[in-house]
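Trainee: I would like to go through the ligand site and ask what each term rests on.

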Amino acid sequence: MAKNIIMHTLSFISASGGVGKTTFAILTAGALAARGKRVLLIDLDSSATATLWTVKNVEENCDIKTLMKELLDYRLGRTRNIRDVKQCLHKHKVRGLDAVFYILPGGNLNDLTMEIFSTPKWEILLDELIAPIKEDFDYIIVDSPNWLYPHFPMVVMFTPFYIALTRPGGPEREKTALLLDRIFAMLKRHFSIPEPEKYVAVLLNQIRTTKVADIEREWNTLYKTLAERYPGITVIRNDKADYYYGEVQTPFYGFKLRNDLGAEEYQKSGHPLKSNNKAIKAQFTAYMESLTEFIKANAPYQVE
Ligand SMILES: Nc1ncnc2c1ncn2[C@@H]1O[C@H](COP(=O)(O)OP(=O)(O)OP(=O)(O)O)[C@@H](O)[C@H]1O
Ligand SMILES: [Mg+2]
């Protein structure tokens, strides 16, 4: 009988910096928590921005770096005891919604590079670190470091699903394709997954144009470019028509770049699902619907 695992792990990744990984990792965690899901956000970015935005007082020596250091010491027989990861989790009250999620604070893993790389099977260290608490959650969300960062393969070994953030324009599209090449190569090599593109959803963010025809063209070009290379890939779009981009009803193609959307706005005014702005609320609702569908359709395990 197929094992019924209902825990999902998704990583937010991007080819360039500043495309919205941290923002959407936090907002997605919040939206899932609001649906009653048990959610953990792992801040794997060395700059620890997600932690900064969601945790008031981070205890010193209780973040991903110190926990990883303890695990390495344990593996090398330098210590017999390792702390329970639970001790370092912080509860975050989702702003504007009646929900909470947990966050494992980030730390500078770069300080441990030498030690990590001299450990056998270092790619599975994150998996090992989180294993004791995996079953406590329905969703684990990873705010991933830059893909050029040496520990990035740890993210690939840890997650079945990826949300790849991208923004309009040819150069970003090409960079995203290169990022996907790298991930698919890793997935094929380590897991012998025949169709790794099934596990990636690309999300268009920071759309600047207000012209619907341009937004549509941008989405179509992105889809065509990626689907030609990787048939079976998902580029998030929701055909439920709404006023996402102004006066005309259209499908949802991605997020607009707006002053009233983004991590700072979340801090100030709360979650987009509670936004007074109808377009923002509609965009986020459509995105969550498409994301859920993507997971259901492509989960490598049975989903309830
Ligand atoms: N659709 C949007 N509209 C307005 N602001 C946005 C939008 N998406 C992201 N931002 C803003 O862009 C900035 C960069 O976003 P964020 O920090 O989430 O990106 P990142 O990919 O995590 O960056 P890094 O590579 O530095 O980790 C933030 O100030 C965020 O609030
Ligand atoms: Mg970030």
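**Ligand 1 and its shell**

Mentor: Around ligand 1 there are 18 residues, and Thr22, Thr23, Leu261, Ala263 and Glu264 come nearest. A residue is near if one of its heavy atoms lies within 4 Å of the molecule. This is a predicted model, in which local features need pLDDT of at least 70, side-chain atom pairs count only at pLDDT 80 or more, and totals for chains, interfaces and linings use all residues. Residues are numbered from 1 along each chain as its sequence is written, chains are lettered from A and ligands numbered from 1 in the order in which they are written, and side-chain values use heavy atoms, with hydrogens and water left out.

Trainee: What makes the pair between threonine 23 and ligand 1 a polar contact?

Mentor: A polar contact is a pair of N or O atoms within 3.5 Å. A side-chain N or O atom of threonine 23 is 2.5 Å from an oxygen atom of ligand 1, so the pair qualifies. A backbone N or O atom of glycine 20 also lies 3.0 Å from a ligand 1 oxygen atom.

Trainee: How is the shell around ligand 1 divided by residue class?

Mentor: Five residues are nonpolar, eight polar and five charged. Asp, Glu, Lys and Arg count as charged; Ala, Val, Leu, Ile, Met, Phe, Trp, Tyr, Cys and Pro as nonpolar; the others, Gly among them, as polar.

Trainee: Which helix gives the most to the shell around ligand 1?

Mentor: H1, with three residues. Helices are DSSP runs of H or I with at least four residues, numbered from the N terminus; H1 spans 21-34, so the name fits.

Key: Polar contact = N/O pair within 3.5 Å; in protein donor to acceptor, adjacent residues only side chain to side chain. Helix = DSSP H or I, 4+ residues; strand = E, 2+ residues; numbered from the N terminus.
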